[in-house]
Amino acid sequence: MPETIVSFGVPIDAAKRKEIAIEYWQHFLAWFNSAYPQMQRTRNITTFRSFLSAHNINFAHGEGKRYGLSTTPEKLGEYKDIMLTPEQIDRINKRLENEGDWLSWSFMNIDLHTGARAFAMASMSWDRIAMSPIFRVEQFEPKIKKGSWYLGSEGKWWVKYPTEECRAIVETAYDRLPKERKFLFFEDAKSDKANALQVAYFMRKMAVRLKKIFSELDISSWLNEKTRMYALGDGLYFTGHPLHLFRHTMAQYYLAATNWSLAYVASLGGWENTEVLNKCYGGIPEHIKAQIAKSVHVKFDKLDLCVAVAAEYTSLISRIR
């Protein structure tokens, strides 16, 4: 038992025993993941937490993160490679355009540029979009509890400054979708409760519609074996979260387009920090790290930090523009 192993039979304080036992099993977990990289990390953590729990070493809610034994990021990280390919996006767009389904077309393409979660996308209103002098979109994220209220939910209004490509899509949506209504995708039901129901209905409608389209894609068109398995195989992810595919796709495309500017993409897509974006949606690939390493030259005894910071700021501004 852990308490016997770490104390060598000598009674010690229970809290200290827990700290030592967890450290002991963390070392073993690190070795196990290194020795058997093909095994799923999430399952390993769950197994070890169950083992510790069986010996009265338990975690309060959120405490596992402190010890590196939280399974939430690992679960999300399993899906970071999933995205639609350019060929798939083109095929879906042509289908939606030919069928005159501008509702689904607008939802998908705006989401590909803003990376919003399903509720934030489905509840968009025209009075929260500014076309000039600077193109700006405000989307409400109920997952981030920040004291703002919208349609009966607490959350945060996320102010985003999307690209000119997104502006063109919003202009097309304005031309194609019914005019003179507050919400982009449905009529104003005149109350927060009724509009919240409208949002829920529309999200379900989009999920059914797009899940069907995804399932009809040629299986060979998916990017890699992992993508095919999660998206089309056993329905491990997108059967329950088909709309979240656009958020994953946005992260990876925008990171590549901005030379992996995690801070900019996080601010645009609605991530409060870069940690989750990097770990669960699209971190810097190894081959890009290797390329950067070849082009970066650091001379500690000669580098002018003020000049370097100014150059980086100028580079960032030019990329955003």
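**Helix α11 in a predicted model**

Me: How many of the 13 residues of α11 are buried?
Reply: In this predicted model, α11 is mostly covered. Buried means under 20% relative accessible area. Among the residues that meet this are L245, F246, R247 and H248, and Y254 and L255 are also buried. Of the 13 residues in α11, the number buried is ten.

Me: Which helices help cover the buried residues of α11?
Reply: The buried residues of α11 include T249, M250, A251 and Q252. The elements that cover the buried residues of α11 include α5 (86-98), α6 (102-114), α9 (192-215), α12 (262-269) and α13 (274-282).

Me: What should helix α11 span at 1.5 Å a residue?
Reply: Helix α11 runs over residues 245-257, which is 13 residues. The expected span is 1.5 Å times one less than the number of residues. The end C-alpha atoms of α11 are 18 Å apart, which agrees with the expected span of 18 Å.

Me: Are α6 and α11 parallel, perpendicular or oblique to each other?
Reply: The two helices pack with their axes 7 Å apart, at an angle of about 45°. Angles under 35 degrees count as roughly parallel, and 65 to 115 as roughly perpendicular. The angle of α6 and α11 falls in neither range, and they are therefore oblique.

Me: Which residues of α11 make the contact with α6?
Reply: α6 passes α11 in a right-handed crossing. On the α6 side the contact is made by F107, M108, D111, L112, H113 and T114. By class, the contact has six nonpolar, three polar and one charged residues. From α11 come F246, T249, M250 and Y254.

Methods: Residues numbered from 1 in each chain as written. Predicted model: local features only at pLDDT ≥ 70, side-chain atom pairs only at ≥ 80, totals over all residues. Heavy atoms only, no water. Helix = DSSP H or I, 4+ residues; strand = E, 2+ residues; numbered from the N terminus. Buried < 20%, exposed > 50% of the residue type's maximum accessible area, 1.4 Å probe, protein only. Contact = heavy atoms within 4.5 Å. Axes fitted to C-alpha atoms, helices over the stretch in contact; angles between N-to-C directions. Parallel < 35°, antiparallel > 145°, perpendicular 65-115°, else oblique. Left-handed = near helix turned anticlockwise from the far one by under 90°. Nonpolar A, V, L, I, M, F, W, Y, C, P; charged D, E, K, R; others polar.
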